[in-house]
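User: I would like to learn how to read a model step by step, taking one feature at a time. Could we look at the structure together?

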Amino acid sequence: LRARMKPVRTCVGCRQRASQTELLRVVCVDFRIEPDPQGVLLGRGAWVHPSSNCTKTAIERRAFARAFRVLVQPDAAGLITFIEQAETMLATNE
């Protein structure tokens, strides 16, 4: 029997392929980018490394607009806040 492989996705920021467990799924809700860590929100999703660098790169490249197939760049303020809080929590735990 074939071993079950973890699904591989591509980060919209750095364009590197990684497993779903390494990436954060985000969705576009009312032209706002919302983090979906549990993967349960409805709608078209995009994947990004949970880091400020990849998020900023994706915003600069307008990658979220392409991934969600919208003409206007969605508001990423909520996503940026979510990732900055996560990075702060990780830094304090180390």
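User: Is Phe-82 buried, partly exposed or exposed?

Analyst: This is a predicted model, and the way to answer is to compare the relative accessibility of a residue with two cut-offs, under 20% for buried and over 50% for exposed. Phe-82 has 30% relative accessibility, so the residue counts as partly exposed. Phe-82 lies in helix α3, and, with neighbours within four places in sequence left aside, its contacts are Leu-24, Pro-35 and Pro-37.

User: How far apart are Phe-82 and Pro-50 in sequence and in space?

Analyst: Separation along the chain and separation in space are best read side by side. Between Phe-82 and Pro-50 there is a separation of 32 residues in sequence, while their C-alpha atoms are 9.1 Å apart.

User: In which order do the strands of the open sheet run, and which of them are the edge strands?

Analyst: One reads a sheet by following the pairing from strand to strand. Here three strands form an open sheet in the order β4-β3-β5, with antiparallel pairing, and the edge strands, each pairing on one side only, are β4 (32-35) and β5 (45-48). On average, neighbouring strands of this sheet are turned by 35° against each other, direction ignored. Helix α3 (residues 77-93) packs on the sheet, where it touches β3 and β4, and its direction makes about 155° with that of β3.

User: Which residues stand opposite each other in these pairings?

Analyst: As a general idea, side chains in a regular strand alternate between the two faces of the sheet. Strand β3 (residues 24-29) pairs with β4 over four bridges in the antiparallel sense; Val-29 stands opposite Arg-32, and the bridge partner of Cys-28 in β4 is Ile-33. The hairpin of β3 and β4 has two residues between the strands, and in this hairpin Asp-30 takes a positive phi near 50°. On the β5 side, β3 and β5 also pair in the antiparallel sense over four bridges, and Leu-24 stands opposite Val-48 in β5.

User: How many salt bridges does the structure hold, and which side chains meet in them?

Analyst: Here one looks for oppositely charged side chains that meet, and then asks how accessible each partner is. The structure holds two salt bridges. In one, the side chains of Asp-36 and Arg-25 meet at 2.5 Å, N to O; this pair links distant parts of the chain, with Asp-36 in the loop between β4 and β5 and Arg-25 in strand β3, 11 residues apart. Asp-36 counts as buried because its relative accessibility is 2%, and Arg-25, with a relative accessible area of 13%, is buried. The side chains of Glu-34 and Arg-32 also meet in a salt bridge, at 2.5 Å, N to O, but Glu-34 is partly exposed at 23% relative accessibility, and Arg-32 is partly exposed with a relative accessible area of 36%.

User: Which residues of the largest nonpolar core touch the most other members, and which element supplies its largest share?

Analyst: In soluble globular proteins, nonpolar side chains tend to be buried together. The largest nonpolar core here has 19 residues, and those touching the most other members are Val-12, Val-26, Ile-33, Val-48, Phe-64 and Leu-79. At least two residues of this core come from each of β3, β5, α1 (52-60), α2 (63-68) and α3, with the largest share, four residues, supplied by α2. For Val-26, contacts beyond neighbours within four places in sequence include Ile-33, Val-48, Phe-64, Phe-68 and Leu-79.

Methods
Residues are numbered from 1 along each chain as its sequence is written. This is a predicted model: local features need pLDDT of at least 70, side-chain atom pairs count only at pLDDT 80 or more; totals for chains, interfaces and linings use all residues. Side-chain values use heavy atoms; hydrogens and water are left out. Two strands pair if DSSP finds at least two bridges between them. Axes are lines fitted to C-alpha atoms, for helices over the stretch in contact, and angles run from 0 to 180 degrees between N-to-C directions. Contact means heavy atoms within 4.5 Å. Buried means under 20% relative accessible area, exposed over 50%, partly exposed in between (1.4 Å probe, protein chains only). A salt bridge is a side-chain nitrogen of Lys or Arg within 4 Å of a carboxyl oxygen of Asp or Glu. A nonpolar core is a set of buried Ala, Val, Leu, Ile, Met, Phe, Trp, Tyr and Cys residues joined through side-chain atoms within 4.5 Å.
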